[in-house]
Amino acid sequence: MNVLVVGGAGYIGSATIVQLLKAGHKVVAFDNLSHGHPEAIPAGVPLVVGDIGDADALDGLFKRYPIDVVMHFAALIEAGESMKAPEQFFRNNTASTLTLLEAMLRHNVKRLVFSSTAALFGNPDRVPVAEDAPLQPTNAYGESKLLVERMLDWLNRIHGLRFVCLRYFNAAGAISPDRGEDHQPESHLVPLILKVALGQRDSISVFGTDYPTPDGTCVRDYIHVADLAQAHLLALDALSEHDRLHFNLGNGAGFSVREVVEAARKVTGHPIPCIEGPRRPGDPAILVAASQKIRNELGWQPRYTSLEEIIRSAWEWHRGHPNGYASAK
């Protein structure tokens, strides 16, 4: 297929492009480069620089390239920031996505794989979180994505737009030693821990050690970015037979903050000092997504189930690129 990857210069988008190419698809990347990196896009893949909120840029893109399906990764992702400036998240994640969807309809492109979020579920009553759990976001980021899912439902009913929504918590690891995670500023646990091992930070902060979990620290879902990318390819294939699907993606068990730190110590050989502090407001004890539905219906089988495997791949990337993609400039 001819696949447009929106947000293709980002962490998960670029990893998915790698696997799309291996599967024989033709790819065009579209990104405004506010958080993405051109160097992350594999050689030979056209990069069109533009914003999904720009209808004219999208019209030009769809006229220039034959597109069969859109994979949509472009979004602001910092939940904490969304509670300081929610209007930015609704403008970028929700309103601009509507502009993209309108352009797709104008150009008769009616297949979409949407990178959603398990933040839709807020503080879930049961974990692992299944697809039928109540949708009750506790931050504007999650709400901005939920609004997109609701729009998709209506566009499917009225215009026949086919879609798959994939909901997950934390992507981690690197698709290869030369293509990995590079956020500025960085707020994700695994790369922050590895910055300590690189000598770029003195320690890692642990927020809360009295949670009702086996070791007192928060438990979170970590999925290797390659496994996430594979789920997106399976979703792409499913659009040939289905017109509206929702899947949660998770490792099934989750890992505590202490477990992540200890695994990083083993992988890097660095002591990685920790500073323990009080809980952060709003942090649930356990957030883990279920994935039985996509395993049963699409045959998704994660290859990287070991936390050390995930961290080892991330360490190879960060050790070779201590300053991210700027290391090669």
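**View 1. R312 and its partners at helix α10.** R312 is partly exposed in this predicted model, with a relative accessible area of 38%. Its salt-bridge partner here is E308, and the closest N and O atoms of the two are 3.7 Å apart. Both residues sit in helix α10, 4 residues apart, or about one turn of the helix. E308 also has a salt bridge to the side chain of K266, at 3.9 Å from N to O. Put together, the salt bridges with shared partners link K266, E308 and R312 into one network.

**View 2. A closer look at E308 and K266, from helix α10 to helix α8.** Which helices does this pair connect? E308 belongs to helix α10 (residues 307-320) and K266 to helix α8 (residues 257-268), so the salt bridge ties together parts 42 residues apart in sequence. The two ends are not equally open to the outside: E308 has 27% relative accessibility and counts as partly exposed, whereas K266, at 55%, counts as exposed because the cut-off for that label is over 50%.

**View 3. D59 and R106, a salt bridge between helices α2 and α4.** The structure has 10 salt bridges, and one of them joins D59 to R106, with 3.0 Å between the closest N and O atoms. D59 is in helix α2 (residues 55-64) and R106 is in helix α4, so this pair holds together parts that are 47 residues apart in sequence. Is D59 buried or exposed? D59 is buried, at a relative accessible area of 17%, while R106 is partly exposed at 45%.

**View 4. The open sheet and helix α4.** Here are the 7 strands of an open, parallel sheet, in the order β3-β2-β1-β4-β5-β6-β11. The edges are β3 (47-49) and β11 (244-248), each of which pairs on one side only. On average, neighbouring strands are turned by 15 degrees against each other, direction ignored. Over at the β3 edge, strand β2 (residues 26-31) pairs with β3 in the parallel sense over 3 bridges, and A29 stands opposite L47 of β3. Helix α4 (residues 86-106) packs on this sheet and touches β1 (2-6), β4 (69-72) and β5 (111-115). The directions of α4 and β4 make an angle of about 175 degrees.

**View 5. S116, tucked into a loop.** You'll find S116 in the loop between β5 and α5 (140-159). S116 is buried, with just 3% relative accessible area. What does S116 touch, leaving aside neighbours within four places in sequence? Its contacts are K145, E149, C165, L166, R167 and Y168.

**View 6. L166 and the largest nonpolar core.** L166 turns up again here, as one of the residues with the most contacts inside the largest nonpolar core, a set of 39 residues. Others on that list include V5, M71 and I294. Among the elements that each supply at least two core residues are β1, β4, β6 (162-167) and β11, but the largest share, 9 residues, comes from helix α7. Apart from neighbours within four places in sequence, the contacts of L166 include V113, F114, S116, A231, A235, F247, L249 and I294. As a general point, nonpolar side chains in soluble globular proteins tend to be buried together.

Notes:
Residues are numbered from 1 along each chain as its sequence is written. This is a predicted model: local features need pLDDT of at least 70, side-chain atom pairs count only at pLDDT 80 or more; totals for chains, interfaces and linings use all residues. Side-chain values use heavy atoms; hydrogens and water are left out. Two strands pair if DSSP finds at least two bridges between them. Axes are lines fitted to C-alpha atoms, for helices over the stretch in contact, and angles run from 0 to 180 degrees between N-to-C directions. Contact means heavy atoms within 4.5 Å. Buried means under 20% relative accessible area, exposed over 50%, partly exposed in between (1.4 Å probe, protein chains only). A nonpolar core is a set of buried Ala, Val, Leu, Ile, Met, Phe, Trp, Tyr and Cys residues joined through side-chain atoms within 4.5 Å. A salt bridge is a side-chain nitrogen of Lys or Arg within 4 Å of a carboxyl oxygen of Asp or Glu.
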